[in-house]
Amino acid sequence: MDEHKLKKDIDKHTDYHDKLTQLAASKGTTNYPDQYSADILESFDNQFPDSSYMVTLNCPEFTTVCEITGQPDFGKIIINYIPDAKLVESKSLKLYMFGFRNAHFFHEHAVCTIGLDLVKLLNPHYLEVQGFFLPRGGISIDPFYSYSTEDWDTFKHIRLANRNMPIRS
């Protein structure tokens, strides 16, 4: 491959680095949010928009607070998505998830909020968010959110029907 063309391709795909403010902040001190906000989420261009592939993000230490009792809720969140033009920047996702720590959400609302925020940010072909929460009062709640564009609707229905068989747990 022509080295000049390769350098141009690399430069084209690294132009977004300066726009990733959360990642750039890692050079100094990270400011952890004390409340929920979707504004902290950042994305960058997909270098392979013509390829169909799935990204899995595993958030094993998710916490939020019950809307009614104020008791802490602990769980694992798994996000799977098939990107179109954008990918989520992982440090911004980490800080976004950290913002739920003091926020008051039911499990179902937290999972759906995460899904809706990521769909708004990324406009992916397909996205799912599954929560696996530790039991409280003897009952665990494992909500599942999914979204797809029309072209991926069949895949969405298959995944929804098989939601208790996660791609990765």
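A residue counts as buried at under 20% relative accessible area, as exposed at over 50%, and as partly exposed in between, using a 1.4 Å probe and protein chains only. By that yardstick strand β3 (residues 72-82) is mostly covered, with 8 of its 11 residues buried. The model is a predicted one, so to speak of local features takes a pLDDT of at least 70, side-chain atom pairs count only at pLDDT 80 or more, and totals for chains, interfaces and linings use all residues. Residues are numbered from 1 along each chain as its sequence is written, and side-chain values use heavy atoms, with hydrogens and water left out.

First, the overall layout. Helices (H or I, at least four residues) and strands (E, at least two) are DSSP runs, numbered from the N terminus. The chain has 5 helices and 6 strands, and from the N terminus on they come in the order α-α-β-β-β-β-α-α-β-β-α. Of the 169 residues in the chain, 37% are buried.

Next, the strands around β3. Two strands are called paired if DSSP finds at least two bridges between them. β3 runs antiparallel to β2 (55-65), and 9 bridges join the two. Thr-64 sits opposite Asp-73 of β3 in this pairing. The β2 and β3 hairpin has 6 residues between its strands, and Gly-70 there takes a positive phi near 75°. β3 also pairs with strand β5 (residues 126-133), again in the antiparallel sense, over 8 bridges. Here Tyr-81 faces Leu-127 in β5, while Gly-75 stands opposite Phe-133 in β5.

β5 in turn has another antiparallel partner, β6, to which 5 bridges join it. Ser-148 in β6 is the bridge partner of Tyr-126. As for cover, 7 of the 8 residues of β5 are buried, so the strand is largely enclosed by the rest of the structure. In a regular strand the side chains alternate between the two faces of the sheet. One of the residues in β5 is Glu-128, which is buried despite its charged class, with a relative accessible area of 2%. Its side chain makes a polar contact with the side chain of Arg-159, at 2.6 Å. A polar contact here is a pair of N or O atoms within 3.5 Å; within protein, one must be able to donate a hydrogen and the other to accept it, and residues adjacent in sequence count only if both atoms are side-chain atoms.

Now the stretch leading into β5. Helix α4 (107-122) has 16 residues and reaches 23 Å from its first C-alpha to its last, close to the 22 Å expected at 1.5 Å a residue; the expected span is 1.5 Å times one less than the number of residues. Its buried residues include His-107, Asp-117, Leu-118 and Leu-122. Right after α4 comes Asn-123, in the loop between α4 and β5. The phi of Asn-123 is near 50°, a positive value in a residue other than glycine. At 46% relative accessibility, Asn-123 is partly exposed.

A further loop lies between β6 (144-148) and α5 (153-161), and Glu-150 is found there. Unlike the buried Glu-128, Glu-150 is exposed, at 77% relative accessible area. Glu-150 and His-125 are 25 residues apart in sequence, and their C-alpha atoms are 8.4 Å apart in space.

Finally, the largest pocket and the helix beside its lining. On a 1 Å grid over the protein atoms alone, a pocket is an open set of points with protein on both sides within 12 Å along at least five of seven lines, whereas a cavity is a set where a 1.4 Å probe fits but cannot get out; lining residues have an atom within 4 Å of a point. The largest pocket holds about 280 Å³ of space, where the volume is that filled by probe spheres set on the points, joined across faces, edges and corners. β2 and α3 (90-98) each supply at least two lining residues, and β2 gives the most, with 6. Among the lining residues are Tyr-32, Cys-59, Phe-62, Lys-94, Met-97 and Arg-101. By class, the lining has 7 nonpolar, 2 polar and 3 charged residues. Met-97 is also one of the buried residues of α3. At the N-terminal end of α3, Glu-89 acts as a cap, with a side-chain oxygen 3.0 Å from the backbone nitrogen of Lys-91.
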